[in-house]
Amino acid sequence: RGIGTLRLTGSAAEPSVGTFIDEVYVGRRGTATPPMFDLQRVEVVRGPQGTLYGKNVVGGAVNLITAPPSFETSGRASLSYGQYDVRGGQDMLAAEAYVTGGLSDTVAGRLAVQYREHDGYSYNIVRDEVLDEYEGYAVRGSLLIQPGDRLDIRLTGDLSHNEGTGQSRKPEDDPTIPGLGATLSGGLRSPDPRVSESPWSQWEDRDTLGLTARVDYRLESGPTLTYLGAYRDGDFEGRYSLVGITSPPSLTDAANGQVETYEAITQDLRLSSAAGALRWVAGVYYLREETDVVDNSIATTFLSFLGPGSVGDILDGELLYEQTNVTTSYAVYGELNWDFAERLTLTVGGRYTWDDKDYDNRSECLDFGAQDDFIFCVAPLGAEFWDISTSRDWSEFTPKVGLDWRVSDDALLYLS
């Protein structure tokens with residue numbers, strides 16, 4: 001839809017397409033989203049979605065619904081194996097399995113696991129390291145408790161871990177710019193895209209954890225009262241080579257590293273009607289997120305032997321960029337759907353949201369060489385150091401009006 005999100009590395013940034021796991025919002029997709037497996041279905045809705053999904057996610061929303069426990073016993077397992085015919089053969093292994101069934105007359109459980117690994121298919125000849133390796137696992141367990149005909153309690157916990165050894169990257173000239181680029185002058189780098197000459201060690205490491213509780217109580221009068229509470233946690237760290245300019249040896253070799261931690265608590269209490277020609281839902285919502293990000297850009301050059309104050313001195317160094325953000329959000333919302341004709345549905349809804357962000361930002365330049373005022377900082381930002389704390393709050397009403405016309409079983413026209 002032409003709607004994107006910039007600066008997602010910023011700790012206060014929010015995606016314009018919302019990601020949800022069992023209706024729980026995940027604000028940091030890269031850090032806190034576990035591998036997707038043993039799903040019941042995936043729901044994708046166009047944006048903007050400002051009523052039920054919140055944040056007025058302009059691009060839309062993706063809701064990943066995990067498979068629930070069943071009182072009927074069943075299970076499944078899959079195993080895949082492959083091999084790359086490169087450098088003697090690299091193995092790939094993928095395995096998934098689940099088992100579900102009744103633990104008593106009122107309790108059912110489900111356990112699902114996933115494991116994936118593959119050997120590296122790239123190689124760093126400078127550091128004698130294999131690149132593009134991967135290993136990861138994920139576990140999800142859930143309980144369905146039905147103490148009575150009107151009450152359903154579902155408890156879900158998941159955790160995952162994955163790690164890898166970075167990527168092989170090559171500098172290339174921009175074919176849209178006339179003339180010869182700097183990368184053409186290098187003759188000592190391998191033309192093989194799977195061979196790396198970076199001086200930097202590369203890696204990535206991520207851990208996720210999620211706990212979700214959902215309680216559905218069907219009232220005698222018909223509506224259902226639902227409570228949805230969740231905690232999500234994510235930790236990520238990694239470093240990636242930025243290749244540098246081929247000279248050779250490289251005029252400057254750079255790398256970017258990132259460490260990110262994310263914690264979120266969500267609370268949602270809502271009342272929804274039973275199925276029928278007139279359907280409605282109304283509720284209150286709370287979200288608290290804390291995101292800590294540390295970026296570092298690091299560069300080195302063979303010209304550092306030229307000494308203090310030289311071009312080599314100013315091309316050597318490191319930039320540290322630290323951010324912390326706490327987001328607190330409250331909302332009340334409601335939506336009504338009315339089938340006023342056999343194939344026509346009117347939707348009316350609204351959400352009022354209060355958002356507050358507390359943001360801290362700190363940056364520092366470090367010099368590898370002799371001069372104190374390192375001016376390059378990998379990017380030409382100057383010898384600056386800043387330490388900023390700020391906060392801001394917003395409130396907004398986001399209404400919705402829509403009309404759906406089911407022309408046939410295979411066609412839908414809508415106006416929103």
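**Exercise 1. Find which parts of the chain the salt bridge between R362 and E322 ties together.**

*Solution.* Start with the pair itself: the side chains of R362 and E322 form a salt bridge, 3.4 Å from N to O. The term stands for a side-chain nitrogen of Lys or Arg within 4 Å of a carboxyl oxygen of Asp or Glu.

Next, place the partners. R362 belongs to strand 18 (residues 344-366) and E322 to strand 17 (residues 317-341), so the pair links parts that are 40 residues apart in sequence. Strands here are DSSP runs of E with at least two residues, helices are runs of H or I with at least four, and both are numbered from the N terminus.

Then check the exposure. R362 is partly exposed at 25% relative accessible area, and E322 is also partly exposed, at 29%. The scale calls a residue buried under 20% relative accessible area, exposed over 50%, and partly exposed in between (1.4 Å probe, protein chains only).

A word on the model before going on: it is predicted, local features need pLDDT of at least 70, side-chain atom pairs count only at pLDDT 80 or more, and totals for chains, interfaces and linings use all residues. Residues are numbered from 1 along each chain as its sequence is written, and side-chain values use heavy atoms, with hydrogens and water left out.

**Exercise 2. Work out which residues are joined into one network by salt bridges that share partners.**

*Solution.* The network joins E23, R214, D216, D268 and R270. Take one pair in it: D216 bridges to R214, with the closest N and O atoms 3.0 Å apart. D216 is buried at 15% relative accessibility, whereas R214 is partly exposed at 24%.

Now take another pair: D268 bridges to R270, the closest N and O atoms again being 3.0 Å apart. Both D268 and R270 are buried. Across the model, the count of salt bridges is 17.

**Exercise 3. Describe the surroundings of T212 in strand 13.**

*Solution.* Strand 13 spans residues 203-218. T212 is buried, with a relative accessible area of 16%. Setting aside neighbours within four places in sequence, T212 contacts V24, R154, L155, T156, L228, G229 and A230; contact means heavy atoms within 4.5 Å.

**Exercise 4. Give the strand order of the open sheet of 4 strands.**

*Solution.* The order is 2-1-4-3, with mixed pairing. Two strands pair if DSSP finds at least two bridges between them. At the edges are strand 2 (24-26) and strand 3 (39-46), each pairing on one side only.

Inside the order, strand 1 (residues 17-21) and strand 4 (residues 60-66) pair in the parallel sense over 5 bridges. T19 stands opposite V62 in strand 4.

**Exercise 5. Identify the residues of the largest nonpolar core.**

*Solution.* This core has 8 residues: F20, Y25, V57, A61, Y285, L287, A331 and Y333. Strand 16 (278-300) and strand 17 are the elements that give two or more residues to it. A nonpolar core is a set of buried Ala, Val, Leu, Ile, Met, Phe, Trp, Tyr and Cys residues joined through side-chain atoms within 4.5 Å.

Look at one member: not counting residues up to four places away in sequence, Y285 touches Y25, T266, Q267, D268, S329, Y330, A331, Y333 and R351. A second, separate core of 6 residues includes A32, L64, Y262 and A264.
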